[in-house]
Amino acid sequence: MAARATASGTITFGLVSVPIKVYTATSSKNVSFNMLHDKDKSRLKQQYVCTLCGEVVERSHMAKGYEHAKDQYVVINEDELAGMLRKTDQSIEILEFVPITDVDPVYFEKSQLLGPDKGGAKPYALLMEAMKQSGKVAIGRFSTRGKEQLVLIRPSKEGLMLHGLYYHDEVRGFEDVDLGDPKAIKEGELGLAVQLIEQLSSGKFDPARHKDDFREAMLGLLEQKIAGAELTAPAPEQPREQIIDLMEALKASLAKKQAAAPAAS
């Protein structure tokens with residue numbers, strides 16, 4: 001089944017324009033539940049209740065408010081909000097090209113696929129191949145939905161990927177984290193840790209190798225429930241043995257990996 005574009009627009013760099021279409025790159029497979037009335041198993045409807053008077057508020061009587069101090073709000077109406085939104089044209093203006101290694105993954109917000117729109121196949125391929133050859137990715141502004149979003153465009157094996165980026169002041173650093181005061185690492189501990197990493201290393205990342213065990217187990221349970229099977233609660237998992245001594249923990253991990261190696265081959 002062919003993918004359906006969620007938007008169309010234009011990439012511009014210099015005087016070159018690339019007509020593009022935007023496609024969803026990911027789809028969550030999480031198992032979700034609806035809230036039901038336990039009495040008759042009917043679906044529940046969410047309501048908004050005023051915390052001051054307890055009245056159920058309909059959408060027509062709702063207003064947007066920004067909390068500027070504890071329990072103090074400034075209200076902005078729809079006309080004022082509309083006046084702030086810019087007239088956007090679904091264009092992506094490339095501002096600069098940078099090495100992908102310069103972009104910390106923490107800045108990545110979401111991912112989408114880009115494909116060429118009508119008449120855009122050649123400039124699309126040109127931009128993709130030029131970025132591959134130069135080893136650079138593009139940083140730009142995506143003008144959409146009344147505002148501008150910081151984005152990154154990168155070439156993949158098949159086409160161009162679009163990643164929304166957080167702005168610098170939206171990303172927190174380790175200055176906000178208490179890292180404690182770790183004791184000096186001993187040379188023997190470091191050697192064993194490197195050895196363990198080498199034993200657990202793969203040639204490359206293969207996402208197909210990793211499955212969501214919880215989701216598969218949950219779907220299996222739900223299928224049994226739908227079929228009317230009687231279920232029994234699984235036995236609780238045994239807690240892992242806690243090894244306080246770091247050196248002993250590293251040695252035990254290596255021994256466990258080495259013992260499992262013949263069975264894996």
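## Exercises on strands, pocket and core

**Exercise 1.** Is Ala63 buried or exposed?

*Solution.* Start with the relative accessible area, which is 63% for Ala63. Exposed means over 50%, so Ala63 counts as exposed. Keep in mind that this is a predicted model. Next, place the residue: Ala63 sits in the loop between β4 (56–57) and β5. Finally, look for a partner in space. Ala63 and Ile76 are 13 residues apart in sequence, and their C-alpha atoms are 7.5 Å apart.

**Exercise 2.** Follow Ile76 from there: which strand holds it, and what is its relative accessible area?

*Solution.* Ile76 belongs to strand β6 (residues 72–76). Its relative accessible area is 32%. Buried needs a value under 20% and exposed a value over 50%, so Ile76 ends up as partly exposed. Now try another C-alpha distance: Val49 is 27 residues away from Ile76 along the chain, and 20 Å separates the two C-alpha atoms.

**Exercise 3.** Work out how β5 and β6 are arranged: in which sense do they pair, and how many residues lie between them?

*Solution.* First the pairing: β5 and β6 run antiparallel, with 5 bridges. To see one of these matches, pick Tyr66, whose bridge partner in β6 is Val74. Then the connection: the two strands make a hairpin with 2 residues between them. Asp71 is in that turn, and its phi is positive at about 60 degrees.

**Exercise 4.** Two residues other than glycine, Lys41 and Asp71, deserve a look at their backbone. Where does each lie, and is each buried or exposed?

*Solution.* Some background helps here: most residues other than glycine have a negative phi. Lys41 has a positive phi, near 60 degrees, and Asp71 also has a positive phi, near 60 degrees. Now locate them. Lys41 falls in the loop between β2 and β3 (48–49), while Asp71 falls in the loop between β5 (64–69) and β6. Last, check accessibility: Lys41 counts as exposed because its relative accessible area is 55%, and Asp71 is exposed too, at 54%.

**Exercise 5.** Trace the partners of strand β8: in which sense does β8 pair with β2, and in which sense with β11?

*Solution.* Take β2 (residues 16–24) to begin with. It pairs with β8 (residues 108–116) in the antiparallel sense over 5 bridges, and Tyr23 is found opposite Leu113 in β8. Then turn to β11 (residues 160–165), which is also antiparallel to β8, over 6 bridges. Here Ser111 has His163 of β11 as its bridge partner.

**Exercise 6.** Find the aromatic pair: how do its rings meet, and how far apart in sequence are its members?

*Solution.* There's 1 aromatic pair in the structure. Its members are Phe13 and Phe97, with ring centres 6.4 Å apart and planes at 85 degrees. Planes over 60 degrees apart count as edge-to-face, so that's the label for Phe13 and Phe97. The two residues are 84 apart, linking distant parts of the chain: Phe13 is in β1 (residues 7–13) and Phe97 is in β7 (residues 91–99). As for accessibility, Phe97 is partly exposed, at 36%.

**Exercise 7.** Describe the largest pocket: how much space lies in it, and which strands each supply at least two lining residues?

*Solution.* The space comes to about 420 Å³. Count the lining next: 17 residues, with Lys110, Phe142, Thr144, Arg145 and Gln149 nearest the centre. Strands β8, β9 (136–144) and β10 (147–155) each give at least two of the lining residues. Sorted by chemistry, the lining holds 6 nonpolar, 5 polar and 6 charged residues.

**Exercise 8.** Now the largest nonpolar core: how many residues does it have, and which element gives the largest share?

*Solution.* The core has 18 residues, and Ile11, Ile20, Ile92, Leu114, Ile153 and Leu160 have the most contacts inside it. Contributors of at least two residues each include β1, β2, β7 and α2 (121–134). The largest share comes from α2, with 4 residues.

**Exercise 9.** Where does Phe214 lie, and is it buried or exposed?

*Solution.* Phe214 is in helix α4 (residues 213–226). With 61% relative accessibility, Phe214 counts as exposed. Its C-alpha is 9.5 Å from that of Asn30, although 184 residues separate the two in sequence.

Methods
Residues are numbered from 1 along each chain as its sequence is written. This is a predicted model: local features need pLDDT of at least 70, side-chain atom pairs count only at pLDDT 80 or more; totals for chains, interfaces and linings use all residues. Side-chain values use heavy atoms; hydrogens and water are left out. Rings of Phe, Tyr and Trp (its six-membered ring) pair if their centres lie within 6.5 Å; planes under 30 degrees apart count as stacked, over 60 as edge-to-face and the rest as tilted. Buried means under 20% relative accessible area, exposed over 50%, partly exposed in between (1.4 Å probe, protein chains only). Two strands pair if DSSP finds at least two bridges between them. On a 1 Å grid over the protein atoms alone, a cavity is a set of points where a 1.4 Å probe fits but cannot get out, and a pocket is an open set with protein on both sides within 12 Å along at least five of seven lines; lining residues have an atom within 4 Å of a point. Grid points are joined across faces, edges and corners, and a volume is the space filled by probe spheres set on the points. Ala, Val, Leu, Ile, Met, Phe, Trp, Tyr, Cys and Pro count as nonpolar, Asp, Glu, Lys and Arg as charged, and the others, Gly among them, as polar. A nonpolar core is a set of buried Ala, Val, Leu, Ile, Met, Phe, Trp, Tyr and Cys residues joined through side-chain atoms within 4.5 Å.
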